[in-house]
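Open the model in your viewer and keep the selection panel at hand. The tour moves from strand pairing to a core, then to charged pairs.

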Amino acid sequence: MKNAKQAADEWPGSRPAAASGLVLCLVLCFCVGTFCRGRGGDSSGSTEEQQLRQKIAALTRQEQVLTAELSLARSPAPYLALDLANRKVELKIQGQSLRSFAIAEFEKTGGSPVAAQTWVETEIKPLQLTPRAKVVPGSGESTTSSIATKDPWGPHRMPMDYDVICKDGRALEIRSLASGKSRSRFARWVVSGYRQTRDWARDLLGRRSSSYREFIEIWLSEDDAKLLFWSLPKQFGILILENS
Amino acid sequence: MTGRPHSHSTGKSARASGIAILCLLCLVAQGCSGSKSRGRDAGAGSGAAAAHSGDLAALRAQSRALETKVKKLEAAQGRLSSGGPRILVDTSSSKIRLMSGSRLVAEGVCSTGNGMELSDSTGKRAWTFDTPRGYFRVLGKVANPVWYRPDWSFIEEGEPIPKNRAERAEANVLGDYAISFGNGFFIHGTLYTRLLGANVTHGCIRVDDDMLKKLYAAAQPGTPIWIY
């Protein structure tokens with residue numbers, strides 16, 4: 001104890017120094033508070049600025065999307081609208097949807113992300129053949145009709161995997177997941193797994209990446225992929241919307 | 001006793017530096033808050049504040065301009081589908097719809113292409129009986145149409161192809177009316193109404209008498225047809 005008291009006596013400046021330190025802390029707090037209040041007072045301006053910037057970003061995106069869609073919709077020809085942000089693909093005419101399909105999965109490779117862009121289809125390459133019934137010459141229209149009703153032509157006979165080749169080395173690859181009509185969950189899992197592995201192997205072997213500069217692969221249900229193929233016209237535009 | 005004078009001088013200098021820092025911080029705080037309040041009060045008085053308010057004004061103007069542009073684009077898109085008759089053919093569900101703009105006027109069942117293939121005996125000529133997809137326009141319409149049978153019809157029936165056009169003419173097989181949309185394709189009636197809804201045609205679109213009458217009345221050359 002003696003040593004401590006002695007030390008305090010030997011150090012006369014320590015108490016005022018502690019007091020000034022305390023005052024210093026208080027002043028520092030005051031200064032920081034004042035500064036922060038000053039900034040806080042200005043926060044309404046920065047909030048408005050932030051809101052305006054967000055609004056401008058949203059409007060700019062909307063403008064890009066509408067401009068891109070109008071470039072296709074002005075023509076009466078049907079076009080595809082691929083909305084990756086909302087995971088749906090639509091067959092549209094003049095801005096109106098004729099058919100809409102849900103995208104289960106998608107993958108985009110190459111190209112820079114933009115809010116909206118348009119591609120132009122040049123060719124559709126199915127990965128499976130579409131078997132067609134043959135009319136035997138001389139069989140007559142009634143026989144043809146009979147065959148047509150027994151083995152009807154329709155979307156169910158369309159290929160479920162196909163590449164939509166577009167201008168400028170682009171491609172939209174449409175692939176199907178096993179249908180919900182498959183016998184069991186396990187069977188669906190196996191079929192979907194096989195199809196995805198097949199695609200992955202194609203990718204690995206470089207067949208795809210070497211042939212297209214930019215591609216989007218979308219996975220639809222089996223029925224949707226077939227119905228989309230069935231509905232496609234000759235030569236069409238594709239509107240691609242992204243979340244950029 | 002080397003420590004005492006040293007500690008004494010340390011205490012003094014700490015006090016002095018404390019006071020100095022205190023004064024400095026007060027000045028800085030005053031300066032900061034003062035300039036900010038001046039900036040807010042005087043508006044354009046401060047260069048930084050002017051730039052800030054100028055930024056906001058520019059952003060507001062940019063936002064307004066974009067809003068106007070977006071509204072114009074939306075209006076332009078809305079105008080695309082307005083007015084006039086239009087025919088939509090959904091081949092997957094065998095439905096044909098007559099629209100006026102985006103309003104449904106009439107709907108009926110139809111039959112479309114059977115998807116079959118036919119080749120002649122030489123194999124040099126082949127036909128695929130698909131209904132085309134896409135956008136078409138009404139090219140003409142006719143009441144009491146006569147069908148001039150194309151070559152494939154004779155091959156299908158196993159008959160010789162006539163050289164005389166008159167020998168191809170066949171009345172009363174296309175119904176009361178026929179609406180042409182190019183490349184030999186028509187919307188027409190049928191004798192086989194029980195087959196409506198099935199894909200049994202050679203590419204034409206067959207409809208029942210009632211629907212055909214409505215389509216014939218509404219369609220004019222140039223009326224758009226979408227088949228999908």
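Select strand S10 of chain B, residues 177-182. Of its 6 residues, 6 are buried, meaning under 20% relative accessible area with a 1.4 Å probe on protein chains only (exposed is over 50%, partly exposed in between). Helices (H or I, at least four residues) and strands (E, at least two) are DSSP runs, numbered from the N terminus.

This is a predicted model: local features need pLDDT of at least 70, side-chain atom pairs count only at pLDDT 80 or more, and totals for chains, interfaces and linings use all residues. Residues are numbered from 1 along each chain as its sequence is written, chains are lettered from A and ligands numbered from 1 in the order written, and side-chain values use heavy atoms, without hydrogens and water.

**Strand partners in chain B**

Add S7(B), residues 140-143: 4 bridges join S7(B) to S10(B), antiparallel. Strands pair if DSSP finds at least two bridges between them. Look for B:Ala143 opposite B:Tyr177. Now add S11(B), residues 185-188, which is also antiparallel to S10(B), through 4 bridges. Here B:Gly182 has B:Phe185 as its bridge partner. The hairpin has 2 residues between the strands, and B:Asn183 takes a positive phi near 55°.

**The core in chain A**

Switch to the largest nonpolar core, with 33 residues. Such a core is a set of buried Ala, Val, Leu, Ile, Met, Phe, Trp, Tyr and Cys residues joined through side-chain atoms within 4.5 Å. Among the residues touching the most other members are A:Leu80, A:Leu172 and A:Ile238. Helix H7(A) gives the most to this core, 5 residues. Centre on A:Ile238: leaving aside neighbours within four places in sequence, its contacts (heavy atoms within 4.5 Å) include A:Leu72, A:Trp119 and A:Val164.

**Charged pairs**

Which side chain meets B:Glu67 in a salt bridge? Select A:Lys55, at 3.2 Å, N to O. A salt bridge puts a side-chain nitrogen of Lys or Arg within 4 Å of a carboxyl oxygen of Asp or Glu. B:Glu67 lies in H2(B) and A:Lys55 in H3(A), so the pair joins two chains.

Next, B:Glu117 meets A:Lys134 at 2.4 Å, N to O. B:Glu117 is in S4(B) and A:Lys134 in S6(A), so this pair also joins two chains. A:Lys134 is exposed at 56% relative accessibility, while B:Glu117 is partly exposed at 24%.

Finish on A:Arg170 and A:Glu214, a salt bridge at 3.2 Å, N to O. The two sit in S8(A) and S9(A), 44 residues apart. Both are buried. Add A:Lys108 and A:Glu242 to show one network of salt bridges that share partners.
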